[in-house]
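Please follow the explanation below with the sequence and the coordinates at hand. It proceeds from one turn to the elements around it.

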Amino acid sequence: MLSLYQFPHSHYCEKVRWALAYKKLAHNVINLLPGVHSLTTRKFSSSSSLPILLHDGQVVQNSADIISYLDEHFPDQMLTPSNAADKQVALAWEAFADKSIGIPVRILCYHTLLQHPDLLIPMMAEKGPWYSRFLLKLMYPKLDIKMRELMGINEASAQTALIELDAALAKLTQAHTASRFLVGGQFSRADLSVAALLSPLCKTITYPEPLNTLISQRSNALAFVYDDYRDYRL
């Protein structure tokens, strides 16, 4: 049985959730709480980063490695192109998304949301143990400081992240003028990675300012994310 250890609110974990759903693979989901998740992850890895996939005694960490593992062991509904050249392009797009989309989106979202624990705590506690909200409220002052330190979240980094996000969206807009898909004329891990990592900017909720305006001003550039979710997030 496949077991996914994750944060429900994480867009990197969303990459793996999407891959599992796309492949229609039965799996267990274990939701962990930020700040205390390392008590669980240390059983499997020296790194506390999520997602982690367990399968038949194998421990796979990192969303890109997990997608590769799933394609290797469950080849139905392949996300990695079979053509060698297309495969390299898809992996390059995914690496670009992980660095140039995932990180800026994380900084921009948390830069605003960490100032609003009334909104962030329920997101972090989603589908967790019954005591999740209570524990996160107790931990929040220290968790806020720790997250800002670990992720380098501050006013300057948020400004840099916005520049990086806009550059990434411009690159995607240009790529999508040639084809709906980034590689090989069909949906692949490249499209999945980009859409999943942009998904926090495409929620139905209304975020506090300045995040809400930031998203609204980029609605046209984000339109393809909704299309990919509608057509391929099975």
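Strands E3 and E4 form a hairpin with two residues between them. In the turn, Asp-56 has a positive phi of about 50°. The model is a predicted one, and the hairpin is a convenient place from which to read it. The two strands run antiparallel, and four bridges join E3, residues 52-55, to E4. Two positions illustrate the register: Leu-53 has Val-60 of E4 as its bridge partner, and His-55 stands opposite Gln-58 in E4.

The side chains of E3 can be followed next. In a regular strand the side chains alternate between the two faces of the sheet. In E3, Ile-52 and Leu-54 point one way, whereas Leu-53 and His-55 point the other way. All four of these residues, Ile-52, Leu-53, Leu-54 and His-55, are buried.

How is E3 joined to E1? Three bridges connect E1 to E3, and the two strands run antiparallel. Within this pairing, Leu-4 has Leu-53 of E3 as its bridge partner. Leu-53 is therefore a point of reference for both pairings, since a strand pair is defined by bridges of this kind: its partner in E4 is Val-60, and it is also the partner of Leu-4.

The hairpin belongs to an open sheet of four strands in the order E2-E1-E3-E4, with mixed pairing. Strand E2 (27-31) and strand E4 (58-61) are the edge strands, each pairing on one side only. From one strand to the next, the twist averages 20°.

Helices lie across this sheet. Helix H1, residues 11-22, lies across strand E1 (2-6) and E2, and runs at about 155° to E1. Helix H3, residues 63-73, lies across E1, E3 and E4, and runs at about 135° to E4. At the start of H3, a side-chain oxygen of Asn-62 reaches to within 2.8 Å of the backbone nitrogen of Ala-64.

Which residues of H3 are buried? They are Ser-63, Ala-64, Ile-66, Ile-67, Tyr-69, Leu-70 and Asp-71. An α-helix has 3.6 residues a turn, so residues three or four places apart point the same way. The cover over the buried residues of H3 includes strands E1, E3 and E4 together with H1, H4 and helix H8 (189-198).

H1 also packs against helix H4, residues 84-113, at an angle of about 135° and with the axes 10 Å apart. At that angle H1 is oblique to H4, because the angle does not exceed the 145 degrees above which a pair counts as roughly antiparallel. On the side of H1, the contact is made by His-11, Tyr-12 and Lys-15. H4 contributes Glu-94, Asp-98, Gly-102, Ile-103, Val-105 and Arg-106. By class, the residues in this contact are three nonpolar, two polar and four charged.

Ser-199 leads back to H1 from another part of the chain. This residue lies in the loop between H8 and helix H9 (211-216). Is Ser-199 buried or exposed? Ser-199 counts as buried because its relative accessibility is 9%. Leaving aside residues up to four places away in sequence, Ser-199 touches His-11, Glu-14 and Tyr-229. His-11 is also one of the H1 residues in the contact with H4.

Two residues of helix H6 complete the path. Glu-149 is found in H6, which spans residues 132-151, and counts as exposed because its relative accessibility is 57%. Its C-alpha atom is separated by 16 Å from that of Ser-48, 101 residues apart along the chain. Tyr-140 is also placed in H6, but counts as buried because its relative accessibility is 7%. With residues up to four places away in sequence not counted, Tyr-140 touches Leu-113, Leu-114, Pro-117, Leu-120 and Ile-121. The C-alpha atoms of Tyr-140 and Phe-7 are separated by 16 Å, and these residues are 133 apart along the chain.

Terms used. Residues numbered from 1 in each chain as written. Predicted model: local features only at pLDDT ≥ 70, side-chain atom pairs only at ≥ 80, totals over all residues. Heavy atoms only, no water. Axes fitted to C-alpha atoms, helices over the stretch in contact; angles between N-to-C directions. Contact = heavy atoms within 4.5 Å. Parallel < 35°, antiparallel > 145°, perpendicular 65-115°, else oblique. Nonpolar A, V, L, I, M, F, W, Y, C, P; charged D, E, K, R; others polar. Buried < 20%, exposed > 50% of the residue type's maximum accessible area, 1.4 Å probe, protein only. Polar contact = N/O pair within 3.5 Å; in protein donor to acceptor, adjacent residues only side chain to side chain.
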